[in-house]
Amino acid sequence: MKQNKKLQSAVAAAALMLGAVQMSGGALAQGVTDKTVKIGAYDALTGPIPLTGKQMNAGWQAALLAINDAGGINGRKLELLVEDDGYEPSRAMAAARKLVDRDQVLLVTGLGTPSTVVAAKYLEQANVPLLFPMGASSTQLNEAGLKQLFMVHPAYLTQAQIIVGWMIDHAGVKKPCLIYQEDPAGEDHLAGAKAAVAARGMQLTAAEAFERGTTDFSAQVLKTKGAGCDMIYTAATLEAAARMVTAADRIGFKPKFAGFTTQADSTLIKLLGPLAEGFYAADILPQPDADDPAVKTFLANLKKSAPDIEPTFFTTYAYAAMMLIGDAIRDAGDNPTRASVVAALEKWNPHNSPLLGPIYFSKTNHDGKRSVYMIQVTDGKWNKVSDWIEPK
Amino acid sequence: MDQAVINGLAEGSVYALLALGLVFINRITQVATFAHGEVAACAAFIGFSIFQATGMPFVVAVLCSIVAGGVLGYAIERIVIRRVQTSGLLATIIVTLGLYFVIHNAIVAIWGPEVRPYPAIFGDTTVRFAGVAISSQHIGVIATAFLIAIALAAYLRWTRTGLALRAIPQNRYGAEVIGLNLRRLSATAWIIGSAVGAMAGVLIAPLTFLNSNMMGAPLIKAFAVAALGGLDSLVGAFVGGLLLGVIENVMVVYIPTYLKDSIAFFFIFIVLLVQPKGLFGRVRMEKV
């Protein structure tokens, strides 16, 4: 009977301990302690888009600094864990797993359309919110009706639809064309462009594709010249768009160029110099030289956090997104949980971001921003040429 | 159509220039170095840093790049290749693949992932004639590739060192027996090949913009061109590069442009099927 007694004591001790834990006021959610909230991010710090990865990280860190310097969220400091996935879907999956299982973060954000597609599936099953990633394949994301995913970057399809439509309606374009990357993001742009021309009873004059990594666009540009295009929509990375412009210039071809949000960046002007003149792009954030107190605050925080990082599109977006994540956690209440974060977000109708403007979510809509405005390079600088535009 | 041909010559000359160093090293040491593109990129970055830091005329920075390329090639041969060569050819090639990653990540670590414009040694203008246009930089690349191919071929053919270098792949044991210093000659091959790679880096950077990923796609095409030309023929690399560029650009006038890369490899596949030693390659005979 000695053994029984030992067992009894053990059970009693366990019961006491359990009781003690219960009495400490209720367990906090994963990723939340009395003093901190842990969030995670998958980022492409190595691989094909390391610059974007670096800029996203810089924006996130600057916002983190701003939030924590102001006292944190409801008395808790925000902690960000960044996992490098090299822009590879398989590694993105591993990164998301690690952040949730091992690091036990409250929620996740990230970069990259292919990475987001993969991570979103996993995070949906794990019931972990995926907030405001930079990666906008609408067909695979926004339309999938995912409950954990919230987007504030307009989908590529939406953007293409708006941009091509606007160029036809307001920039006198009659023969619209696009050069797009041969992958899901590029296909999205193509679908949006097609929707825009169809709505106006027109057709795309040319649609040339290229493999990722292409450095010479002479062939694509030559084909668009032959087709008689008067506008090229550059559905590619900023560097690729710049190379399209130089390729066109080389053969004496001068169409209008229009790009999406990732080209709304001073780097384009730096790379192209005078050739950048006249380039159109869509934007959702104010330019760094705007006379806007929110911009000035952002620039000050960026300087404090990373003085040698330029305020590019991705940096600004990441900063704005992280500030919104802070807002979401704050709105989730004194003891935020994953579910309360989602519930809080679904009440944003709208919620105002000083940099991104009004964001609209609801129980059935997690596509928070469906409009952009157009800018154009004139006199070596980006200038606003339209108000906010919705897709038509 | 004419413009497509000119575009092809221009694009192909880039492949050719990058292939030349590759072919030279391979011809003498029998090592196909996957790190060649990164050596070229590294040299371009070094030149850029020197140009930015000292404000010297860009030509000086270019010369420094070429020297840096040679030094890097020597370091690779001495520290890595020499030790691995006894383990066989496959091991050596895999090591160069490892070097690709090491150098690539070192570039990102040192210079960051930023994309920067790069000065064009042959200028930024467009030359127009007979209804077609080509950039002055591309003309420079074609001319440089041609001159380097001829110079290297002549060097191998008509100098004592060149003769010694040619002896090594022919009969390594025999070369040692007659007293050739294999170590020094091997190093020489790597230095020259990498210096040529550096030249390619400096000339290609203005076209692709200076960034850590700039040599990824061109290197694959350079390998393809080297195979097309015969893997050890310098003139073959030059001609093969131009030929491939032209075929790619002309074909996509008729078929969808996203098939451009596939055409290139398909074409090479056909050529090698018909002529396994490549267009200009030498058939290697082994005495049994």
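Reader: How many bridges join strand β9 of chain A to strand β10 of chain A?

Author: This is a predicted model. Strand β9 covers residues 256–259 of chain A, and strand β10 covers residues 280–283 of chain A. The two run parallel. Within this pair, A:Gly259 stands opposite A:Ala281 in β10(A). The number of bridges joining β9 to β10 of chain A is 2.

Reader: Which edge strands does the open sheet of 7 strands in chain A have?

Author: The strand order in chain A is β7-β6-β8-β9-β10-β13-β14, with mixed pairing. An edge strand here pairs on one side only. The edge strands are β7 (206–210) and β14 (381–384) of chain A.

Reader: By what angle are neighbouring strands of this sheet turned against each other on average?

Author: The sheet is the open one of 7 strands in chain A. Direction is ignored for this value. The average turn between neighbouring strands is 25°.

Reader: What angle does the direction of helix α8 of chain A make with that of β8(A)?

Author: Two helices are worth taking in turn. Helix α7 (residues 218–227) of chain A packs on the sheet and touches β6 (176–181), β7 and β8 (231–235) of chain A. Its direction makes about 175° with that of β7(A). Helix α8 (residues 238–250) of chain A also packs on the sheet, touching β6, β8 and β9 of chain A, and its angle with β8(A) is about 150°.

Reader: Which residue in the turn between β13(A) and β14(A) has a positive phi?

Author: Strand β13 (residues 373–378) of chain A runs antiparallel to β14(A), and 4 bridges join them. The bridge partner of A:Thr378 in β14(A) is A:Lys381. The two strands form a hairpin with 2 residues between them. The turn residue with a positive phi, about 55°, is A:Asp379.

Reader: Is B:Ile28 buried or exposed?

Author: B:Ile28 lies in helix α1 (residues 2–29) of chain B. Beyond its neighbours within four places in sequence, B:Ile28 is in contact with B:Leu165, B:Ile168, B:Pro169 and B:Ala189. A residue needs 20 or more other C-beta atoms within 10 Å to count as buried. B:Ile28 has 24, so B:Ile28 is buried.

Reader: Which element gives the largest share of the side of chain A that touches chain B?

Author: 27 residues of chain A are in contact with 31 residues of chain B. On the side of chain A, α2 (50–69), β7, α7, α8 and α9 (266–272) each give two or more residues. That side divides into 10 nonpolar, 8 polar and 9 charged residues. The largest share, 5 residues, comes from α7(A).

Key. Residues are numbered from 1 along each chain as its sequence is written. Chains are lettered from A and ligands numbered from 1 in the order in which they are written. This is a predicted model: local features need pLDDT of at least 70, side-chain atom pairs count only at pLDDT 80 or more; totals for chains, interfaces and linings use all residues. Two strands pair if DSSP finds at least two bridges between them. Axes are lines fitted to C-alpha atoms, for helices over the stretch in contact, and angles run from 0 to 180 degrees between N-to-C directions. Two residues are in contact if their C-beta atoms, placed from the backbone, lie within 7 Å. A residue is buried if 20 or more other C-beta atoms lie within 10 Å of its own, exposed if 12 or fewer, and partly exposed in between; C-beta atoms are placed from the backbone. Ala, Val, Leu, Ile, Met, Phe, Trp, Tyr, Cys and Pro count as nonpolar, Asp, Glu, Lys and Arg as charged, and the others, Gly among them, as polar.
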